[in-house]
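Work through the following exercises on charged side-chain pairs with the sequence and the coordinates at hand, and try each task before reading its solution.

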Amino acid sequence: MRLLLVEDDATLRGQLRVGLVAAGYAVDETDNGLDAQHLGASETYDVVVLDLGLPRLDGLSVLRRWREAGHAMPVLILTARDTWHEKVAGIDAGGDDYLAKPFHMEELLARIRALIRRSQGLASALLRHGPVALDTRTSRVSCHGQPVGLTGHEFRLLAYLMHRPGTVVSRTELTEHLYAQDFDRDSNTIEVFIGRLRRKLYPELIETVRGLGYRLAGPA
Ligand code: CA
């Protein structure tokens, strides 16, 4: 899953980045509203964490511009104070949830997981497909009850497919959701990661749909 982090407080941004990367997200970040608006309009994100008080363009305006342009990704707003009118304004501008500072990293992560789940119409934080279980709360994967160690890229790829059961996902789409912006992207490496997941879990788990992409296949 790929995430955009917009926060002008460098210390807080650094702390959030560490926590988000540790939780398995590919993170792009910026410290101002103008760059945020551009990134959100031109890149593909599964979720955005947006501070409201930002230099160059305030967070509410950023959010309104995204929504007016039809960008519907889930957005979690960070409010500086626990004031009701900021929350109301944020939700009216198209925000999906909010969190008042200061907050605990665990709460931010839980709210992000819920937003991603809801955007995919899923009810549970524990995703299952046949013998494979993926716990979005702990970023752990198991197969037939046995823990399976995955790298960050392998985990993100599997999580992306497991959030979309039955859907064919193209290589381009996977590339867009797996890597942060500054990463050297090569869609051929997707095939390498797919191969590793098949080896670590089971070969029939991921089906190649010729010319279209990949799909989670029937249980082993
Ligand atoms: Ca701020």
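**Exercise 1.** State how many salt bridges the structure holds, and then place the pair of arginine 2 and glutamate 43 in the fold.

*Solution.* In this predicted model, the number of salt bridges is 15. One of them joins the side chains of arginine 2 and glutamate 43, with an N to O distance of 3.0 Å, which is within the 4 Å cut-off. Arginine 2 belongs to strand S1 (residues 2–6), whereas glutamate 43 sits in the loop between helix H2 (33–42) and strand S3 (47–51), so the salt bridge ties together parts that are 41 residues apart in sequence. As for accessibility, arginine 2 is buried because its relative value is 0%, while glutamate 43, at 22%, is partly exposed. Finally, Arg2, Asp28 and Glu43 are joined into one network by salt bridges that share partners.

**Exercise 2.** Determine which parts of the chain are linked by glutamate 7 and lysine 101, and whether each residue is buried or partly exposed.

*Solution.* The two side chains form a salt bridge of 2.9 Å, N to O. Glutamate 7 lies in the loop between S1 and helix H1 (10–22), and lysine 101 in the loop between strand S5 (97–100) and helix H5 (105–119), 94 residues apart. With a relative accessible area of 1%, glutamate 7 is buried, whereas lysine 101, at 23%, is partly exposed.

**Exercise 3.** Locate aspartate 46 and arginine 164, and classify their accessibility.

*Solution.* The closest N and O atoms of this salt bridge are 3.8 Å apart. Aspartate 46 is found in the loop between H2 and S3, and arginine 164 in the loop between helix H6 (152–162) and helix H7 (171–178), a separation of 118 residues. Both aspartate 46 and arginine 164 are classed as buried.

How values were computed: Residues numbered from 1 in each chain as written. Predicted model: local features only at pLDDT ≥ 70, side-chain atom pairs only at ≥ 80, totals over all residues. Heavy atoms only, no water. Helix = DSSP H or I, 4+ residues; strand = E, 2+ residues; numbered from the N terminus. Buried < 20%, exposed > 50% of the residue type's maximum accessible area, 1.4 Å probe, protein only.
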